[in-house]
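This report describes one protein chain and its metal site. Please look at the sequence and the model before reading on.

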Amino acid sequence: MTRDQFGLSGAAAGGAIFDLIRRGGPLSRAQLVRRTALSKSTVSLHVDRLLKLGIVMEQARQTDSGPGRRSLLRFAAGRGTVVGIELGVTSIDVAVCTLEAEVISSASEPLDIGSGPVAVLERAYQIIDQLLADVGEGTAPLVGIGIGLPGPVNRTLGCVVSPPIMPGWDRYPVRDEVATRFGVPCFVDNDVNVMALGEARAGGARESESFLFVKIGTGIGAGLVIEGELYRGFKGSAGDIGHIGIDGETTRCSCGNRGCLEVVAGGGAIGRKGRELAERGESPLLAEIAQRLAAQDPPAEISAVEVGQAAAQGDTAALELVIESGRHVGSVLAKLVNFFNPEMVVLGGGTVNIGDAFVAAIREMVIRRSTPLATVDLVIRRSAFGDQSGMVGAALMVADELFSVERVTDMVREFEG
Ligand SMILES: [Zn+2]
């Protein structure tokens with residue numbers, strides 16, 4: 001076996017070249033030679049193999065006067081389609097995507113995770129079948145499915161483990177069941193991790209090497225991207241910031257502890273505290289909204305959304321609640337910023353949209369409580385990607401797994417014979 005100066009031997013060089021093309025393409029052969037420090041002939045040999053394997057394709061340059069050497073190489077993203085799913089606590093988002101996670105077709109609807117895995121997955125199957133039928137036969141074959149789940153995920157087992165708010169899901173074999181149903185590989189991860197991946201590759205954090213994605217919805221969680229890669233931690237629970245304790249808070253959390261960030265300042269907590277303000281008569285506006293919602297058919301309750309609306313209309317108690325919640329989130333994020341020194345903090349999840357005052361309070365607290373060096377160029381902003389980051393991130397996860405350097409190295413090795 002020969003070893004080039006880049007330290008890559010045989011098939012591993014093919015895997016590395018492919019990864020450069022997939023993530024940074026289109027690239028010319030000359031650019032690949034410069035970036036890998038491999039010899040021209042080695043690059044050429046592996047490019048030919050990748051072309052024959054059908055996972056890389058030639059793309060003519062616009063200025064190209066003739067065929068052949070001057071063409072660019074890019075990932076053959078049209079050779080398969082993937083399905084990305086984000087299962088939330090109260091909703092499902094499904095997208096059929098290219099291997100570069102461009103959405104071909106998508107659907108979203110309310111769905112209660114509490115109705116259990118059998119009912120939820122059955123509905124997911126119906127939506128997937130419908131979307132695949134809609135995009136039609138001209139589309140490339142389905143090659144994989146990715147799912148973001150709203151709980152702690154054991155990726156080795158392919159299931160959720162001990163989720164605080166997902167009755168019936170504990171160790172339910174989600175990955176294996178979906179893979180069997182569709183006859184393609186399935187990959188699962190925590191929903192916040194797939195959202196962070198979506199932000200890193202296709203969202204607003206593409207230029208950022210190391211950032212923190214924070215999802216504030218019913219619960220609170222974070223995804224860490226370090227030097228372009230998602231960091232999952234030793235057992236996959238990295239970023240589970242919703243259960244960091246807030247000093248002096250005693251509200252019992254679904255995890256069994258007291259005073260966790262999400263039970264103090266998450267979307268569910270803001271709604272609950274808003275209802276208390278209405279009941280105690282401390283917010284006339286929320287009391288009025290509560291009455292109106294109760295009279296609806298079906299009757300509804302105040303959620304974080306109504307608290308945000310009341311705050312925006314100048315209701316003092318609602319505004320104080322929004323600011324206090326934002327400060328709690330900000331105080332935890334300040335500690336993380338001190339520890340991790342990210343370039344950017346991206347805020348996503350439905351509760352982030354309850355009002356500017358919420359984000360302003362988070363930002364103020366992070367700036368006030370972090371060290372100056374950690375915040376001097378720190379960008380804190382809302383996700384510009386909106387509802388798509390989960391399903392797009394889940395689709396990207398599939399492409400990352402199916403076309404990992406290791407897998408492609410194996411493909412090249414088998415091709416070598
Ligand atoms: Zn907790």
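The sections below go from the whole chain to the metal site and then to single residues.

## Model and overall form

The model is predicted. Its chain has 417 residues, and a compact globule of that length would have a radius of gyration near 22 Å; the value for the chain is 24 Å, which agrees. Along the principal axes, the C-alpha atoms fill a box of roughly 80 × 50 × 40 Å. The secondary structure consists of 15 helices and 14 strands.

Of the 417 residues, 51% are buried. The exposed surface of the chain comes to about 19300 Å², and carbon and sulfur atoms supply 51% of that area. Among contacts with a separation of 6 or more, 62% are between residues 24 or more positions apart.

## Domains

The domain assignment divides the chain into domain 1 (11-75), domain 2 (80-198 + 390-402) and domain 3 (206-384). Domain 2 is thus listed in two segments, with the range of domain 3 falling between them in sequence. Taken over C-alpha atoms, the centres of domain 1 and domain 2 are 32 Å apart.

## The zinc site

Which residues coordinate the zinc ion? The donors are His243 through ND1 and Cys253, Cys255 and Cys260 through SG, at 2.0 to 2.3 Å. Along the chain these donors follow the spacing H-x9-C-x1-C-x4-C.

The angles among the 4 donor atoms run from 105 to 120°, and the site is tetrahedral. For reference, the ideal angle for four tetrahedral donors is 109.5 degrees. Two of the cysteine donors can be set side by side for exposure. Cysteine 253 has a relative accessible area of 6% and is therefore buried, being under the 20% cut-off. Cysteine 255 has a relative accessible area of 35%, so it counts as partly exposed, since this lies between the 20% and 50% limits.

## Cis peptide bonds

Two peptide bonds to proline deserve a check in the backbone. The bond from glycine 25 to proline 26 is cis, with omega near 0°. Proline 26 sits in the loop between helix H1 (11-24) and H2.

The bond from aspartate 297 to proline 298 is also cis, and its omega is near -5°. Here the loop that holds proline 298 runs between helix H9 (284-294) and helix H10 (304-312).

## Positive phi outside glycine

Serine 162 is not a glycine, yet its phi is positive, at about 45°. This serine 162 belongs to the loop between strand S8 (159-160) and helix H5 (174-182). Is serine 162 buried or exposed? Its relative accessible area is 55%, so serine 162 is exposed, as the cut-off is over 50%.

Glutamate 227, also not a glycine, has a positive phi of about 50°. The loop in which glutamate 227 is placed connects strand S11 (220-226) and strand S12 (229-231). With 60% relative accessibility, glutamate 227 counts as exposed.

## Threonine 351 and its contacts

Threonine 351 is in the loop between strand S13 (344-348) and helix H12 (356-369). Despite this loop position, threonine 351 counts as buried, at 6% relative accessibility.

What is threonine 351 in contact with, leaving aside its neighbours within four places in sequence? The contacts are Ile216, Gly217, Thr218, Gly267, Ile270, Ala304 and Phe358. One of these, Phe358, falls in the residue range of helix H12, and Ala304 falls in that of helix H10.

## Two arginines

Arginine 29 is part of helix H2 (residues 29-36). At 19% relative accessibility, arginine 29 counts as buried, because the cut-off is under 20%. Its C-alpha atom is separated by 8.4 Å from that of serine 71, although the two residues are 42 residues apart along the chain.

Arginine 413 lies in helix H15 (residues 405-416). This arginine 413 is partly exposed, with a relative accessible area of 45%. Between the C-alpha atoms of arginine 413 and leucine 197 the separation is 29 Å, and these residues are 216 residues apart along the chain.

Definitions and conventions
Residues are numbered from 1 along each chain as its sequence is written. This is a predicted model: local features need pLDDT of at least 70, side-chain atom pairs count only at pLDDT 80 or more; totals for chains, interfaces and linings use all residues. Side-chain values use heavy atoms; hydrogens and water are left out. Donors are N, O and S atoms within 2.8 Å of the metal (3.2 Å for Na, K and Ca); water is not among the atoms, so sites may look incomplete. Four donors count as tetrahedral if all angles lie between 85 and 135 degrees; four count as square planar and six as octahedral if opposite donors are over 155 degrees apart and all others between 65 and 115; anything else is irregular. Buried means under 20% relative accessible area, exposed over 50%, partly exposed in between (1.4 Å probe, protein chains only). Helices (H or I, at least four residues) and strands (E, at least two) are DSSP runs, numbered from the N terminus. The radius of gyration is taken over C-alpha atoms; the globule rule is 2.2 Å times the number of residues to the power 0.38. Contact means heavy atoms within 4.5 Å. Accessible areas come from the Shrake-Rupley method with a 1.4 Å probe; for residues, only the protein chains shown count as cover. Domain bounds come from an automatic or database domain assignment.
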